[in-house]
Amino acid sequence: MGIIEKIAQIEQELARTQKNKATEYHIGLLKGKLARYRRELLEPVGGSGGGGGQGFEVAKAGDARVSLIGFPSVGKSSFLNKVTNTKSEAANYEFTTLTSVGGILEYNGAEVQIVDLPGIIKSAAKGKGRGRQVIAVSRTSDLIMMVLDATKGADQRQILENELESMGIRLNKSRPNISIKMKKTGGIKMNSISPPKYLDEKFVASILKDYKIHNADVLVRDENVTVDDFIDVINEQHISYIKCLYVYNKIDAVSLEECDRLAREPNTVVMSCELDLGIADLKEEIWRQLDLLRLYTKRRGIQPNFGDPMVVRSNSTVKEVCDAIHRDMKNQFKYALIWGSSAKHSPQKCGLTHPVHDEDVVEIVTK
Ligand SMILES: Nc1nc2c(ncn2[C@@H]2O[C@H](COP(=O)(O)OP(=O)(O)OP(=O)(O)O)[C@@H](O)[C@H]2O)c(=O)[nH]1
Ligand SMILES: [K+]
Ligand SMILES: [Mg+2]
């Protein structure tokens with residue numbers, strides 16, 4: 001039996017097993033197996049592959065990457081054409097786009113790479129269409145923009161989420177607070193700050209056994225972690241936690257009430273590429289979700305150029321600022337002078353570990 005059949009078999013068994021206290025254990029083991037087979041499916045056979053595939057992936061560019069994921073003909077290419085100078089063919093037939101196309105959206109002095117991708121269809125994760133390559137590109141992005149069609153059914157969002165989910169992408173979720181430390185002897189030990197509600201040591205041990213792990217210390221720091229969370233942590237290298245923004249396009253073709261209803265879904269914005277509606281708000285939301293920081297670097301005695309910020313990721317420190325200026329900057333670094341909301345007084349003299357804030361002014365003093 002091939003892996004796809006094995007996966008189908010487990011999925012069927014999961015579907016017909018009633019969820020209750022008595023079957024909980026069995027379901028957990030099935031889920032563990034399912035994750036293991038899916039991982040095998042995604043692992044490249046014979047060395048090459050695993051990534052976007054030959055000639056498929058576009059090179060990374062700009063300060064952050066947003067990928068456009070959606071069914072065919074929802075308006076992904078139309079959006080790329082609207083917000084960047086790159087042209088990607090848009091037409092009223094499905095699978096117009098056959099490869100990935102990158103463009104740059106300039107916003108608040110930052111360059112955001114927007115990656116247009118072929119449409120994906122149900123069962124993409126199992127190898128239908130270009131699905132697996134598309135999902136592999138989305139894995140490399142800072143934000144997934146899920147493009148949905150306002151005129152289509154309510155299940156489109158769920159189907160796409162399931163496809164991404166089964167390829168190991170977790171949307172708007174952070175890594176579960178569990179650590180697994182492999183050991184040579186001693187069996188499986190589980191420790192926790194307060195006892196987890198959905199896991200116990202016996203359960204954890206039998207799932208690990210299926211992965212041929214017989215000795216490990218498991219530390220659970222969050223009582224709400226689930227069996228699925230635990231399985232994700234075992235398969236850590238294959239799981240990516242990525243932000244997702246849901247965008248309904250073609251609102252020109254639905255009623256005002258429907259448009260209003262869609263806009264109220266969580267983490268959602270609505271737009272019409274055709275009538276140019278909602279595009280400015282969407283750009284602002286993308287900016288907000290990317291959570292980038294603009295810094296103005298200056299030299300001693302000279303005003304910074306406020307028109308040309310340096311862009312770094314959120315949670316950056318002076319160290320990341322140095323790295324962004326020059327590879328060798330850290331070695332010449334004496335201290336930094338900072339004006340702005342991260343500074344206690346202006347300017348504040350700071351070391352490499354000082355966290356910077358959006359719109360800080362930074363002067364690096366070298367040895
Ligand atoms: N009514 C309406 N039609 C739109 C809108 N945006 C795009 N379209 C139309 O939808 C069709 C598909 O647009 P594309 O941009 O090619 O869609 P896509 O998602 O890139 O499609 P694939 O590359 O085939 O997956 C085209 O005929 C567009 O003119 C919109 O806001 N409203
Ligand atoms: K199309
Ligand atoms: Mg397209």
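This passage describes the domains, two groups of paired strands and one buried cysteine of a predicted model.

The domain assignment divides the protein into three parts. Domain 1 is discontinuous in sequence, taking in residues 64-173 and 239-290, while domain 2 covers 177-224 and domain 3 covers 293-366. Between the centres of domain 2 and domain 3, taken over C-alpha atoms, lie 42 Å.

A good place to begin is strand β8, which spans residues 216-220. Strand β6 (residues 178-182) pairs with β8 in the antiparallel sense, and five bridges link the two. Within this pairing, Ile180 faces Val218 of β8. Strand β7 (residues 188-192) is also joined to β8 by five bridges, but here the strands run parallel. Lys189 has Asp217 of β8 as its bridge partner. The two faces of β8 can be told apart by their cover: Ala216, Val218 and Val220 make up the covered face, whereas Asp217 and Leu219 lie on the uncovered one. Readers who enjoy topology may like to look at the connection here, as β7, helix α6 (residues 201-210) and β8 form a β-α-β unit that is left-handed.

Attention now turns to a second set of strands. An open sheet is built from five strands in the order β12-β11-β15-β13-β14, with mixed pairing. The edge positions are held by β12 (310-312) and β14 (348-350); each has a single partner strand, so one side of each lacks a neighbour in the sheet. On average, and ignoring direction, neighbouring strands of this sheet are turned by 35° against each other. Strand β11 (residues 293-297) runs antiparallel to β12, and three bridges connect them. One bridge pairs Leu293 with Val312 in β12. Helix α10 packs on the sheet, where its contacts include β11, β12, β13 (333-339), β14 and β15 (361-366). The direction of α10 makes about 125° with that of β12.

Helix α10, residues 318-325, also contains Cys322. This cysteine counts as buried because 21 C-beta neighbours lie inside 10 Å, where 20 or more are required. Leaving aside residues up to four places away in sequence, Cys322 touches Met329, Lys330, Phe333, Leu352 and Ile364. From Cys322 to Ala336, the C-alpha to C-alpha distance is 9.7 Å, with the two positions 14 residues apart in sequence numbering.

Notes:
Residues are numbered from 1 along each chain as its sequence is written. Chains are lettered from A and ligands numbered from 1 in the order in which they are written. This is a predicted model: local features need pLDDT of at least 70, side-chain atom pairs count only at pLDDT 80 or more; totals for chains, interfaces and linings use all residues. Helices (H or I, at least four residues) and strands (E, at least two) are DSSP runs, numbered from the N terminus. A residue is buried if 20 or more other C-beta atoms lie within 10 Å of its own, exposed if 12 or fewer, and partly exposed in between; C-beta atoms are placed from the backbone. Two residues are in contact if their C-beta atoms, placed from the backbone, lie within 7 Å. Domain bounds come from an automatic or database domain assignment. Two strands pair if DSSP finds at least two bridges between them. Axes are lines fitted to C-alpha atoms, for helices over the stretch in contact, and angles run from 0 to 180 degrees between N-to-C directions. A crossover is right-handed if, with the strands pointing away from the viewer, the path from the first strand over the helix to the second runs clockwise.
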